[in-house]
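Reader: I am new to this structure and would like a close look at a single part of it, the empty space inside. Could you take me through that space in one connected account?

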Amino acid sequence: MAVPEVSVPYEILDHTADAGVRGIGPTVEEAFAEAALGMFSLMADLDSVRPETEVPVEVQADSLEELLVAWLGELLRERDVRGMLFSRFAVRIAERDGRLHLSGRAWGEGIDPGRHRLGVEVKAATYAGVRVEQRGGGWIAQCVVDL
Amino acid sequence: MEAENLRRIGEYAWELPKTGEMRVPGWIFVSEALLGPLLSGEAEGEGEGGGGHDWNALTQVRNVACLPGIVKASIAMPDVHPGYGFPIGGVGAFDPEDGVVAMGGVGFDINCGVRVLATPLTRGDVEPRKEEVADALFAHVPAGLGSEGKIRLTLQGVDEVLAKGARFALERGYGLPEDLEYIEENGEMEGADPGAVSLKAKEREFRQIGTLGSGNHYLEVQYVEEIGDPEAARAYGIEKDQILIAIHCGSRGLGHQIGQDALPELERASRKYGIPIRERELVCAPIRSPEGQKYLGAVFAGINCAFANRQVIAHLVREALAPLFSLPPGKIRTLYDVGHNNVKFERHRVDGEERRLLVHRKGSTRAFGPGRPENPERYRRVGHPIFVGGTMGTASYILRGTEVGMEKVFGSGVHGAGRAMSRAKAKRRWRGQELVQSLARQGIVVRAHSYAGAAEEAPGAYKDVDLVVEAAVGAGLNALVAKVRPLACIKG
């Protein structure tokens, strides 16, 4: 397996019915942030989404895999509840009382079909193909998202 | 491994014999042409496989056959392809005492389904004005990422949607009382428990009720090209050249959140009750357990959410068409409304004995045959209709339930063509704008909120729906009533 290039921060993986998203980063936190970027890149051309408003996101889980699915799922919920798209992410992960706690921030703006070049709505993050692991000198965080 | 064991048991039927930990055999209802793609590629779930991560659908049939309390067989309908836990096109019935409810047997888009409206218009009325019709529907029915419905709900309002289903929409003035008889379960699931649905899920419905969504969801104006079963067509009140409107959508973000919430909860339940997890999405809980009861209460509520959504959208369609053709709303009736991602308690005959079973249908519709009391009176003699979606450029079908289907597949039906090509590949191959122009030359008007989304839904990215229908009808599971063709399609 080739060592992922840091210059390729996320990839969209081929999947017959849906799509896989893979975040790549020097730390697990950055890989999580990149995976979120990858997921939102399916929904809009991210260059058209201004990172104007900050939204905090908190999730907990027992494993990094579960944490990734929870993080991406929570971002989809924020999208629906606030009617927003996001184009910038920051993640911190800490272990407390044997559980993993993620404090994240997402920056974006209200969905504007007139200005945002929209793609397809992601319905959910799934455990299919889920993988969070060290690769070479960095980390990957990936799963299949249901479209 | 599954491929080697497969045994042909009919022209359109194959058996995966009961081996190892399987509690029942697998039955796969496909033609030779449809079997080919199923055999290629073993389980890729653990592999890197270019990021495929598709489970082999036959492995999924086998995994479902291993679940506690499964009755008769783990069934794959002719449109079977790899899914999450269950294959898409998968049917599994479980004993209510010792069986399980599995999240993968429902999926994230709970009660995604199709409602078809029958209009008094003919192809001749609509053909010259189809651009105008498409524009009116596009403007009036909220669709696409981020679209908001015309109703704003409070938390209390969402609870009402979850408890009452289509009746909620009716009480708010959306639709006609006679619609309810022509919806599966009369548009209102018994046992729905709004209390089992998280606040996080409910919040997602505040602005989304009555929106179509995106992806493979659509609104289509169709004409009846051919009638295959005059008696059933008479019962359904449809004839050649008649204009129908198909609405394909589901339970939106609320339903997706119920699924997202259930994943870790049912994973814990699987461990607690000692049920091996063969695929991470095939988590489940015993039906009688508190976890199983909670999930069922939430899913039944999610089913109601989708019924309410389609009821609101049907009303919006009537509103959009009324001024164009001076049509009073009562002239556009609900032909039928049936879901294809559901789990429900139903009565079925198994080995000569009538039993109450929990039937999961993931990417499969209910298709009850002649005589079933659940069918609307007008359709009782022939079975209720089901709708098999094609693509933007191809035919769709109206089929009906049969006695053979009742006996072999718990009264289930096929639901669509299924994808043959990934969205990424489709987007590389077709450009949305060119695709829309090419369909226009074929006489099909497309209005899309996202050109990229339209490219992903290119007809060439889907399997041949004709092959799916041939196998379903050939196996006797469903019967052909009519073939319909699109005139206009609204995509999210």
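Author: A cavity here is a set of grid points where a 1.4 Å probe fits but cannot get out, whereas a pocket is an open set. The model is a predicted one, and by this rule it holds five cavities of 30 Å³ or more.

The largest cavity has a volume of about 680 Å³, and 44 residues line it, of which H81(B), N216(B), H248(B), H415(B) and Y462(B) are the closest to its centre. Two elements of chain B, strand 8 (218-227) and strand 19 (478-491), are the ones that give two or more residues to the lining of this largest cavity. When the residues of that lining are sorted by kind, 15 are nonpolar, 18 are polar and 11 are charged.

The second largest cavity has a volume of about 80 Å³, and the residues that line it include V114(B), V116(B), Y218(B), Q222(B), A246(B) and F387(B). Also in the lining of the second largest cavity are V388(B), G389(B), S396(B), Y397(B), I398(B) and V484(B). At least two residues of this lining come from each of four strands of chain B, namely strand 7 (113-122), strand 8, strand 15 (385-388) and strand 16 (396-401). Among these elements, strand 16 of chain B gives the most to the lining of the second largest cavity, with three residues. The lining of the second largest cavity has nine nonpolar residues, three polar ones and no charged ones.

From the cavities we can turn to the open space, where the largest pocket contains about 750 Å³. This pocket is lined by 41 residues, and those closest to its centre are L118(A) and G119(A) together with K427(B), S450(B) and A452(B). In chain A, strand 1 (10-14) supplies at least two residues of the lining of the largest pocket, and in chain B helix 13 (423-429), helix 14 (432-441) and helix 15 (451-456) each do so as well. By kind, the residues that line the largest pocket divide into 18 nonpolar, 13 polar and 10 charged.

Taken together, the account covers a largest cavity of about 680 Å³, a second largest cavity of about 80 Å³ and a largest pocket of about 750 Å³. Strand 8 of chain B appears in the lining of the largest cavity and again in the lining of the second largest cavity.

Definitions and conventions:
Residues are numbered from 1 along each chain as its sequence is written. Chains are lettered from A and ligands numbered from 1 in the order in which they are written. This is a predicted model: local features need pLDDT of at least 70, side-chain atom pairs count only at pLDDT 80 or more; totals for chains, interfaces and linings use all residues. Side-chain values use heavy atoms; hydrogens and water are left out. On a 1 Å grid over the protein atoms alone, a cavity is a set of points where a 1.4 Å probe fits but cannot get out, and a pocket is an open set with protein on both sides within 12 Å along at least five of seven lines; lining residues have an atom within 4 Å of a point. Grid points are joined across faces, edges and corners, and a volume is the space filled by probe spheres set on the points. Ala, Val, Leu, Ile, Met, Phe, Trp, Tyr, Cys and Pro count as nonpolar, Asp, Glu, Lys and Arg as charged, and the others, Gly among them, as polar.
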